[in-house]
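Me: Hi! Could you walk me through this model with me asking things as they come up? I'll jump around a bit.

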Amino acid sequence: MADLKDINNPPILTAKRSGYRIITLNRPERLNAFNEPMHLALRVALMDAEADKECRALLITGAGRGFCAGQDLTTRLANEPGEARVLGGALEAYYNPLIRRMRAMPIPIVCAVNGVAAGAGANIALACDIVIAARSATFVQAFARIGLIPDSGGTWFLPRLAGDARARGLAMLADAISAEQAEQWGLIWKVVDDAGLQTEADTICQRFARAPTKGLGLIKRALNESASNTLDQQLDLERDLQREASMNPDYQEGVRAFFEKRKPNYSGRR
Ligand code: LHQ
């Protein structure tokens with residue numbers, strides 16, 4: 001196993017900006033496919049970002065020409081012909097906690113898909129709150145090509161984002177779709193020219209870094225829960241979360257700024 005502290009070859013890179021952090025998946029020679037050290041490093045980076053009260057948004061992107069090719073398949077080969085590699089443990093140990101953590105984080109996660117997003121890599125992108133993609137990027141639910149099913153939330157995200165017919169096509173045919181197609185089908189927020197991806201991602205994060213963070217976290221919670229709630233349950237939830245939002249000083253600041261006809265100066269207190 002690669003050393004997590006290998007400073008010459010860290011599986012992820014982290015950078016702090018004013019009010020947000022950037023996480024870059026960093027195994028470009030394998031299109032940033034996930035191995036265990038990368039999972040562990042990403043987990044630590046997400047926990048650090050959440051614990052940092054100054055961190056009001058997170059940007060996830062990939063190094064090199066790919067965003068993420070999902071699980072590193074070199075670690076999944078059976079040693080002997082006929083030997084089975086039974087999967088499930090890796091999902092339980094790594095992918096499922098990752099998706100749960102990302103969805104539950106009380107700050108917005110922006111994903112800048114810089115190149116191919118395949119397998120779990122595609123679904124990790126779809127788990128983010130705002131997904132932008134370079135025009136040259138592609139999305140491929142590669143699982144069916146190797147006899148697997150879309151995991152990391154794929155079978156949950158796809159029908160909800162793109163509808164059942166497209167979810168079935170994407171999952172069963174496992175063809176790559178362009179970033180433009182992903183945008184047209186509602187899988188992602190928007191496509192930008194390759195050269196503008198980084199700037200666009202930074203601009204969104206800078207905006208979030210000045211936004212009322214508590215409210216954004218509560219919006220995220222409400223939208224997450226709406227998928228399994230009835231309208232009645234959702235109305236109750238909105239009542240409870242709105243109460244919570246209104247107790248945060250940023251709500252008062254927003255209203256005051258509106259009447260004073262000035263830009264609000266949000267504390268970002270969570
Ligand atoms: C890779 C990979 C890769 C290793 C490219 N691994 N090396 C969860 C739980 C447990 C187990 C199983 O899985 C899961 C979740 C999953 O994610 S399953 C799905 C795993 N991912 C895939 O099946 C995608 C495999 N990759 C591809 O289909 C292609 O590489 C894509 C479509 C992503 C990109 O194609 P190209 O642009 O043509 O690039 P390439 O194929 O030439 O790849 C470049 C290099 O990256 C190459 O190495 P090489 O030494 O020949 O230059 C690939 O072997 C390596 N690579 N994906 N997942």
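Me: Let's start with Leu87. Where is its place in the chain?

Reply: Happy to! This is a predicted model, and in it Leu87 sits in the loop between β4 (66-68) and α2 (89-104).

Me: Is Leu87 buried, exposed or partly exposed?

Reply: Leu87 is partly exposed, because its relative accessible area is 43%, and partly exposed covers what lies between the buried limit of 20% and the exposed limit of 50%.

Me: And which residues make a nonpolar surface patch with Leu87?

Reply: Leu87 makes the patch with Leu73, Ile146 and Leu148. The area of that patch is about 350 Å².

Me: On to the ligand. How many residues surround the ligand, and which are the closest?

Reply: There are 25 residues around the ligand. Arg65, Ala69, Gln71, Leu73 and Ala120 are the closest. You'll recognise Leu73 from the nonpolar patch with Leu87.

Me: What do the polar backbone atoms of Ala69 and Gln71 have 2.9 Å and 2.8 Å away?

Reply: In the case of Ala69, a nitrogen atom of the ligand is 2.9 Å from a polar backbone atom. For Gln71, a polar backbone atom is 2.8 Å from a nitrogen atom of the ligand.

Me: How about Ala120, what is 3.0 Å from its backbone N or O atom?

Reply: There the partner is an oxygen atom of the ligand, 3.0 Å from a backbone N or O atom of Ala120.

Me: How much of the ligand's accessible area does the protein cover?

Reply: The protein covers 67% of it, taken from the 1,000 Å² that the ligand has on its own.

Me: Switching to cysteines. How many disulfides does the count come to?

Reply: Zero disulfides are counted. Take Cys68, which is in no disulfide: the nearest cysteine sulfur belongs to Cys111 and is 9.4 Å away.

Me: And why does Cys111 have no bond with its closest cysteine sulfur?

Reply: The closest cysteine sulfur to that of Cys111 is in Cys128, and because the two are 4.2 Å apart, they are too far for a bond. The cut-off for a disulfide is 2.5 Å between the sulfur atoms.

Me: Are Cys68 and Cys111 buried or exposed?

Reply: Cys68 counts as buried, at 0% relative accessibility. Cys111 is buried too, with a relative accessible area of 0%.

Me: Next, Asn32. Where is it, and is it buried or exposed?

Reply: Asn32 lies in the loop between β2 (20-25) and α1 (36-51). Asn32 is buried, since its relative accessible area is 0%.

Me: What does the side chain of Asn32 reach?

Reply: The side chain of Asn32 reaches the backbone nitrogen of Arg27 at 2.7 Å. In addition, a polar atom of the Asn32 side chain lies 2.9 Å from the backbone oxygen of Ala63.

Me: Nice. How many salt bridges does the count come to?

Reply: The count comes to 17 salt bridges. One of them joins Arg168 and Asp164, with 2.6 Å from N to O.

Me: How far apart are Arg168 and Asp164 along the helix?

Reply: They are separated by about one helical turn, because they are four residues apart in helix α5 (residues 164-173). Arg168 is partly exposed at 48% relative accessible area, and Asp164 is partly exposed at 43%.

Me: Which residue forms a salt bridge with Arg221?

Reply: Glu225 does, with the closest N and O atoms 3.9 Å apart. Both residues lie in helix α8 (residues 213-226), four residues apart, about one turn of the helix. Arg221 counts as partly exposed at 37% relative accessibility, and Glu225 is partly exposed with a relative accessible area of 31%.

Me: Which residues are linked with Arg221 and Glu225 in a network of salt bridges?

Reply: Lys214 and Glu244 are linked with them in that network.

Me: Last one: where is Ile204, and how far is it from Ser18?

Reply: Ile204 is in helix α7 (residues 197-208). Ile204 and Ser18 are 186 residues apart in sequence, and their C-alpha atoms are 13 Å apart in space. Ile204 is buried because its relative accessible area is 13%, where buried means under 20%.

Definitions and conventions: Residues are numbered from 1 along each chain as its sequence is written. This is a predicted model: local features need pLDDT of at least 70, side-chain atom pairs count only at pLDDT 80 or more; totals for chains, interfaces and linings use all residues. Side-chain values use heavy atoms; hydrogens and water are left out. Patches are made of residues with over 30% relative accessible area and no salt bridge: like charges are joined within 9 Å, nonpolar side chains (Val, Leu, Ile, Met, Phe, Trp, Tyr) within 5 Å. Accessible areas come from the Shrake-Rupley method with a 1.4 Å probe; for residues, only the protein chains shown count as cover. A salt bridge is a side-chain nitrogen of Lys or Arg within 4 Å of a carboxyl oxygen of Asp or Glu. Helices (H or I, at least four residues) and strands (E, at least two) are DSSP runs, numbered from the N terminus. Buried means under 20% relative accessible area, exposed over 50%, partly exposed in between (1.4 Å probe, protein chains only). A residue is near a molecule or strand if one of its heavy atoms lies within 4 Å of it. A polar contact is a pair of N or O atoms within 3.5 Å; within protein, one must be able to donate a hydrogen and the other to accept it, and residues adjacent in sequence count only if both atoms are side-chain atoms.
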